[in-house]
Amino acid sequence: MSTHLPTPIPRPNAESRPLPGYRALLAVDAKDFTGLAAIQHSAVSMVISELVDRALTEAGLTDLRDTKSFPANTGDGVVFGFDPAHLPFVVFPFLRVLDGLLGRHNGQYVSPRLRMRASVHVGPLPEADGNGTARNDTHRLLDSRPVKAILATPGSEQTTHLAAILSDRVYQDVVLGGYTGLRPDHFIEVPATVPGKAFTQQAWLYIPSPSGHLLRNGIISAIEESATTQSKVGAESRPSAPETVEPQPTGAAHSQHVGQGQAVIGDVTGDFSATFGVPGAGQ
């Protein structure tokens, strides 16, 4: 007896579709941008874009600068796509050049200091608008706990101007592949998580100018300390459970401490003893 399986009926949304071309992505934003006076936001936003473009130029990436895909200004930063062939040069020397430009900018003291986070990722994205999982993940990496913790570390304000995070895909293809000027030991593997978001990925941290404080106390320790602090803050912000009072059974006696001796509430049957001042003395 033969069994004939029913022929599956294809659904319109189950048909295969062409995979969008792979685009590399760079996103940067400035630490504590919202802490600036509102009147400074527009000018500082423009400075951020100018610093990124200048860093691209000084890193020899003028072609990338002029051919960005779906560029967007986020107010406190920028994000854009580009040809993945440029990825090795974005990892190095661009990130180091941007760090140097930020250091020179911050040394002028004529405008608000800028310290930035940067994330680098790659994945399939439609060229028209660049919307997709790879772009979402780029922003998640930018907002992840490890890269934020580096710029929040006390004692690094004057030295550490940029903290960058690479997705594991970029690290595997570009760094381990040997295509960029940086070596694997320039990076620290970290779990990239975002508080309040369902996002967890392995990623790679790069700090062009780590401060002595970071080197002395350890970068991983700084990240773990930040996670502990955030957990404590979250716990303190949650309302505590109301205290519950266990009801006393009817007729049961219990005692209450007073200034001298004890007060007894309820019915007492049988013997009762209490101590006053001297351990082991019964009365």
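**Notebook: rings, sheet and a few side chains**

I started with two aromatic residues: Tyr171 and Phe187 are both buried. For me, buried means under 20% relative accessible area, exposed means over 50%, and partly exposed is in between, using a 1.4 Å probe and protein chains only. Before going on, I noted that this is a predicted model, where local features need pLDDT of at least 70 and side-chain atom pairs count only at pLDDT 80 or more, while totals for chains, interfaces and linings use all residues. I also noted that residues are numbered from 1 along each chain as its sequence is written, and that side-chain values use heavy atoms, with hydrogens and water left out.

**Rings**

How many aromatic pairs does the structure hold? I found 4. Rings of Phe, Tyr and Trp (its six-membered ring) pair if their centres lie within 6.5 Å; planes under 30 degrees apart are stacked, over 60 edge-to-face, and the rest tilted. I looked up Tyr171 and Phe187: the ring centres are 5.7 Å apart and the planes sit at 75 degrees, so this pair is edge-to-face. Tyr171 is in helix 6 and Phe187 is in the loop between helix 6 and strand 6, so the pair ties together parts 16 residues apart in sequence. I then checked Phe187 with Tyr206: here the centres are 5.5 Å apart and the planes at 40 degrees, so I call the pair tilted. This pair links distant parts of the chain, since Tyr206 is in strand 7, 19 residues from Phe187. Tyr206 is buried, just as Phe187 is. Ring pairs join Tyr171, Phe187, Trp204 and Tyr206 into a cluster.

**The whole protein**

I counted 8 helices and 9 strands. Both are DSSP runs numbered from the N terminus: helices are H or I with at least four residues, strands are E with at least two. The protein has 283 residues, and 36% of them count as buried. About 16,700 Å² is exposed, with carbon and sulfur atoms supplying 54% of it; accessible areas come from the Shrake-Rupley method with a 1.4 Å probe, and for residues only the protein chains shown count as cover.

**The sheet**

In what order do the 7 strands of the open sheet run? I read 2-3-1-4-5-7-6, with mixed pairing. Two strands pair if DSSP finds at least two bridges between them. The edges are strand 2 (69–73) and strand 6 (188–193), each pairing on one side only. Neighbouring strands are turned by 20 degrees against each other on average, direction ignored. Axes here are lines fitted to C-alpha atoms (for helices over the stretch in contact), and angles run from 0 to 180 degrees between N-to-C directions.

I followed strand 1 (residues 22–30), which pairs with strand 4 (residues 116–124) in the antiparallel sense over 9 bridges. Ala30 has Met116 of strand 4 as its bridge partner. Strand 2 and strand 3 (residues 77–82) are also antiparallel, over 3 bridges, and Ser69 stands opposite Gly81 in strand 3. Their hairpin has 3 residues between the strands, and there Gly75 takes a positive phi near 95 degrees.

Helix 6 (residues 168–175) lies across strand 1, strand 4, strand 5 (162–167) and strand 7 (200–206), and runs at about 85 degrees to strand 5.

**Helix 5**

Why do I call helix 5 (residues 145–152) largely enclosed by the rest of the structure? Because 6 of its 8 residues are buried. I listed Arg145, Pro146, Val147, Ala149, Ile150 and Leu151.

**Two residues of helix 3**

Arg96 sits in helix 3 (residues 87–106). Is Arg96 buried or partly exposed? At 38% relative accessibility, I put Arg96 down as partly exposed. Beyond its neighbours within four places in sequence, Arg96 contacts Leu182, His186, Tyr206 and Pro208; contact means heavy atoms within 4.5 Å. The Arg96 and Tyr206 side chains make a polar contact at 3.3 Å. That term means a pair of N or O atoms within 3.5 Å; within protein, one must be able to donate a hydrogen and the other to accept it, and residues adjacent in sequence count only if both atoms are side-chain atoms.

Asn106 is also in helix 3. Its relative accessible area is 2%, so I count Asn106 as buried. The side chain of Asn106 makes a polar contact with the side chain of His161, at 3.1 Å. Not counting residues up to four places away in sequence, Asn106 touches Arg113, Leu114, Arg115 and His161.
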